[in-house]
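Biologist: Could you take a close look at one part of this model for me, the cavity, and then walk outward to its surroundings? I would enjoy a connected account rather than a list.

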Amino acid sequence: MRRFEGTQLVLRLAGDSPIVSNLGPSSDELWHAGHRDRNFYTYGNMGLCSSIALGMAMATDEQIISLDGDGSLLMNMGTIASIGREKPKNLTVVVWDNEQWGQTGGQTSHTGTGTDLEQVAQSCGITNTKTVSDLEDLEAAVSEALASPDGPNFIVAKIEEAGYMSVAPVEPEFTLYRFRNTFVEPRQPGD
Amino acid sequence: MNWAEQIVKTLKDWDTSMIVYVPDISIDQVTSLIEADPYFRLVPATREEEAIGIAVGSYATGRNAAVFMQSSGFGNSVNALASLCIPSRTPIPMFINLRGGPGEFNIAQVAMGRAVIPIMDQLGLPHFVLEDDGKMDKLLDGAMKLCHANRQPLAICLTQMLHGGKIA
């Protein structure tokens, strides 16, 4: 399974739900798959994708989806514990796990040498977890997660690294501005 | 109203109900009030960098957030400020127990405590150091106004001179 195919699938299933994506190809591919105001792309702060999603999930009733990476989550594994502690019902984390740091030369990451992020999630008190490695299983897992009233959901999606698409526009201020305006009505003249 | 109550009031005046923190014994004087108050959601993070991420997520959906941490934890959150908050422009007030000042007993707290202000300056972010509670209401209100006008994080540093708390 390739991350881009998986991203297209998640985007299709997400409907209007906000999606937070990890920096690098996860955000680039989300942009290419279907740019929308409710895509919260990240460009730095590696490690914080699912923490940002957790904050969103606690602040709103809407379904929130995190498209994180193994290297990113390994940097901030504590956030898996925080998700397990706060147990937001409306949060689904999908980890694109290619078992490497792709963009820095393909060095094997810790998930390639035995770390099982699904087990980490289970150990942190997250009970709805799955590991999938093809599109059919990913579709089933994500559909079930989004339909269930009882998250959080934690899906490890094993992917094969592929070539990179062109870098999406890097515009963090606009990303936040557009995203937040889907929640907060901007003031109008005369207000 | 004491300094801790003043902070709580200011957060309410500025519609800031999502509070993310890593515990600190002196800041506990505020966070324990917040925990007891149903207006707020108090979220413990495993690390201060994570706290910044959670706060940004909350702000992104329209719910204002603030973070509480010790100055050592500020050291753990610098890249979150630099690579997330600053480029995106997120008005996150940071209440920081500032170690490394008069009365400090722990050498491990000195370098980072003393580096908070210079780092904030390097990042171009505003900061205030509170040593007593005189004019605190005006100062806190003004800090929040600046934070939202500037749409960047700012640091409100609480010293041992202010809180008199046990340094730990």
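Modeller: Gladly; here is the cavity, followed by the contact between the chains, a helix and a strand. Please keep in mind that this is a predicted model.

A search of the whole structure turns up 1 cavity of 30 Å³ or more. Its volume comes to about 50 Å³. Both chains contribute to the lining. From chain A come Phe40(A), Tyr41(A), Thr42(A), Tyr43(A), Asn45(A), Pro172(A), Thr175(A) and Leu176(A), while Ser83(B), Leu84(B) and Ser88(B) come from chain B. In terms of secondary structure, at least two lining residues each are supplied by strand E2 (39–41) and helix H8 (172–180) of chain A and by helix H5 (78–88) of chain B. For anyone thinking about the chemistry of the walls, the lining has 6 nonpolar and 5 polar residues, and no charged ones.

Next, the contact between the two chains. Chain B brings 28 residues to it and chain A brings 27. Together the chains bury about 2200 Å², with 62% of that area on carbon and sulfur atoms. On the chain B side, the residues that lose the most area to chain A are Glu50(B), Ala60(B) and Thr61(B), which together make up 24% of what that side buries.

Now to chain A and helix H3, residues 49–59. Because 11 of its 11 residues are buried, H3(A) is largely enclosed by the rest of the structure. Here buried means under 20% relative accessible area. Among the buried residues are Cys49(A), Ile52(A), Leu54(A), Met56(A) and Met58(A), and the list also includes Ser50(A), Ser51(A) and Gly55(A).

Strand E4 of chain B, residues 93–97, gives a similar reading: 5 of its 5 residues are buried, so the strand is largely enclosed by the rest of the structure. In a regular strand, side chains alternate between the two faces of the sheet. In E4(B), Pro93(B), Phe95(B) and Asn97(B) point one way, and Met94(B) and Ile96(B) point the other way, yet all are buried.

The strand also has paired neighbours. Strand E3 of chain B, residues 64–70, pairs with E4(B) in the parallel sense over 4 bridges, and Gln70(B) stands opposite Asn97(B). Strand E6 of chain B, residues 154–158, pairs with E4(B) in the parallel sense too, over 5 bridges. Within that pairing, Ile96(B) has Cys157(B) as its bridge partner.

Definitions and conventions:
Residues numbered from 1 in each chain as written. Chains lettered and ligands numbered in written order. Predicted model: local features only at pLDDT ≥ 70, side-chain atom pairs only at ≥ 80, totals over all residues. Heavy atoms only, no water. 1 Å grid on protein atoms, 1.4 Å probe; cavity = no way out; pocket = protein on both sides within 12 Å on 5 of 7 lines; lining within 4 Å. Points joined across faces, edges and corners; volume = space filled by probe spheres on them. Nonpolar A, V, L, I, M, F, W, Y, C, P; charged D, E, K, R; others polar. Buried < 20%, exposed > 50% of the residue type's maximum accessible area, 1.4 Å probe, protein only. Pairing = 2+ DSSP bridges. Contact = heavy atoms within 4.5 Å. Buried area = accessible area lost by both parts, 1.4 Å probe.
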